[in-house]
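Student: I've got a model open and would like to talk through its fold with you. Can we start with the strands and work outwards?

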Amino acid sequence: MMPAAPRQILPIEGGAVVSAVATVLEAQGVPADVTPNRRTVELAEDAARMFQRLARPIGVWASISLADFAGVFGGEGHNAPETPVDQTAGRADDLALFAVTVGDALPSRIAELFARQEPALASMLDAHASEGAELAAHHLQNRYVDWLSGTGRLGAESGALRYSPGYCGWDVSGQRRLFDYLVPEEIGITLRDSFLMQPLKSISGVIIAGHQEIFDFENTFGFCEECSTWACRERIGAVLGGMPDETA
Ligand code: SF4
C-alpha cells in the first residue's frame, strides 16, 4: 500500500532540536526547583555540545485517508478494543503518518561512552537525544500544520495532535503497516523484527488534525491505569488552550 500523496521529506535545522540544559536535567531526575551541582551542569553542557555535533534530524510525513489509516491502525490485530487514537482520527479533517529521527551517530556515541565507563556523560547524551527526537516530531507536526494552513484546510479553531504505536492502546506491532505506507527507510529509518526503530532515537506515528473539540477525551481507558505520564493531559491542554481536568 503506497501513499496517494502528498508526502514531504523535511531535513530539520539542528537548532530546532536542541533542548535547554534545564529540560535535560529534569529528564534526568533533577527537579526544576533544585540547583544541580557544577559538575552535573558541566556534564549536561558537554553533552549538549556533543549532541549538536552529531545530530542529523530529518523527518517525513505522508497524508493518509481515514479508510487507509483504519487499515494501518488495525495492524496485526493487537490494539486495545477502544483507544483515543481511532476515536479521534475518526472525527478528524486530515491525517498524516510521520517519522522523524535525530540520526544514527548519537546511539553509536552513547553506546561508546557507556563502553568507555563514562555513564554520566552517556546518560546526559541519551537524554539530549531523546528530547531532540521529541522536538523533531514537534517540528515536523508544525510543518504539516503549516502545509494544511497553506492549503486552506485548517480553520481558526483547529488543532493537531500526534500518537505513536506502542502508546495509548495502539500496539507497537502497528509499526509494520505504518512503515509499509510511509516508507521512512528513505530517510534512513528501518524497522527491526522487534518493532524497534533503527536509529533508536526515532519517533513515528500519526498526526491528527481537526477541530479542537475532537481531541478532548477522558483518560479512563483500561491501559491508562498503567500509564505513568498522563502525557495526553498536557498535550490536549495545549491544543485546547488550557489544561483539561486533571482528575479526568
Ligand atoms: S493516560 Fe496515558 S495511556 Fe491514557 S490516553 Fe493519556 S497518555 Fe494515553
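Student: How many bridges join strand 2 to strand 3?

Tutor: Keep in mind that this is a predicted model. Strand 2 covers residues 58-63 and strand 3 covers residues 94-101. The two run antiparallel, and one of their pairings sets Ser63 opposite its bridge partner Ala96. The number of bridges joining them is six.

Student: And on the other pairing, which residue in strand 2 stands opposite Ile9?

Tutor: Strand 1 (residues 7-11) also pairs with strand 2, running antiparallel to it through five bridges. Within that pairing, Ile9 stands opposite Val60.

Student: Which residues of strand 2 are buried on the side with Trp61?

Tutor: Side chains in a regular strand alternate between the two faces of the sheet. In strand 2, six of six residues are buried, and both faces are covered. One side has Ile58, Val60 and Ala62. The other side, the one you asked about, has Gly59, Trp61 and Ser63.

Student: Let's move along. Which strand does strand 3 pair with through eight bridges?

Tutor: The partner runs antiparallel to strand 3. One of the pairings puts Ala99 opposite Ser204, and Ser204 falls within residues 202-211. That makes the partner strand 7.

Student: Is strand 7 largely enclosed or open, and why?

Tutor: Go by its residues: a residue is buried when 20 or more other C-beta atoms lie within 10 Å of its own. Nine of the ten residues of strand 7 pass that test, so the strand is largely enclosed by the rest of the structure.

Student: What is the bridge partner of Leu161 in strand 7?

Tutor: Strand 4 (residues 158-163) pairs with strand 7 through six bridges, running antiparallel. Five of the six residues of strand 4 are buried, so this strand is largely enclosed too. In the pairing, Ala160 has Ala209 as its partner, while the partner of Leu161 is Ile208.

Student: Which helix gives the most to the largest nonpolar core?

Tutor: That core has 62 residues, and those with the most contacts inside it include Trp61, Phe98, Leu125 and Ile208. The biggest helical share is ten residues, and it comes from helix 6 (residues 119-150).

Student: Which residues does Phe98 touch, leaving out those up to four places away in sequence?

Tutor: Phe98 is among the residues with the most contacts inside the core. Its partners come from several stretches of the chain. They are Gly59, Val60, Trp61, Leu140, Ser204, Gly205 and Ile207.

Student: What about long-range closeness: how far apart in space are Arg91 and Ile214, C-alpha to C-alpha?

Tutor: Arg91 sits in the loop between helix 4 (84-89) and strand 3. It has 13 C-beta neighbours inside 10 Å, so it counts as partly exposed. Arg91 touches Gly210 and Ile214. Although Arg91 and Ile214 are 123 residues apart in sequence, their spatial separation is 6.4 Å.

Student: Now the backbone oddities. Which peptide bond is cis, with omega near 0°?

Tutor: Most peptide bonds are trans. The exception here leads into Pro199, which lies in the loop between strand 6 (197-198) and strand 7. The cis bond runs from Gln198 to Pro199.

Student: Cys168 has a positive phi; is Cys168 buried or exposed?

Tutor: Its phi is near 55°, and its place is the loop between strand 4 and helix 7 (175-182). There are 20 other C-beta atoms within 10 Å, so Cys168 counts as buried.

Student: Which class makes up ten residues of the shell around the ligand?

Tutor: Cys168 belongs to that shell, along with others including Pro84, Tyr167, Asn219 and Trp230. The class count has one polar residue and no charged ones. The remaining class, with ten residues, is nonpolar.

Student: Finally, what radius of gyration does the protein have?

Tutor: The C-alpha trace spans about 50 × 40 × 35 Å along its principal axes. A compact globule of 248 residues would come out near 18 Å, so the protein's value agrees with that expectation. The value is 18 Å.

How values were computed:
Residues numbered from 1 in each chain as written. Predicted model: local features only at pLDDT ≥ 70, side-chain atom pairs only at ≥ 80, totals over all residues. Near = placed C-beta within 6 Å. Nonpolar A, V, L, I, M, F, W, Y, C, P; charged D, E, K, R; others polar. Buried ≥ 20, exposed ≤ 12 C-beta atoms within 10 Å, placed from the backbone. Helix = DSSP H or I, 4+ residues; strand = E, 2+ residues; numbered from the N terminus. Pairing = 2+ DSSP bridges. Rg over C-alpha atoms; globule rule 2.2 N^0.38 Å. Core = buried A, V, L, I, M, F, W, Y, C linked by C-beta atoms within 7 Å. Contact = placed C-beta atoms within 7 Å.
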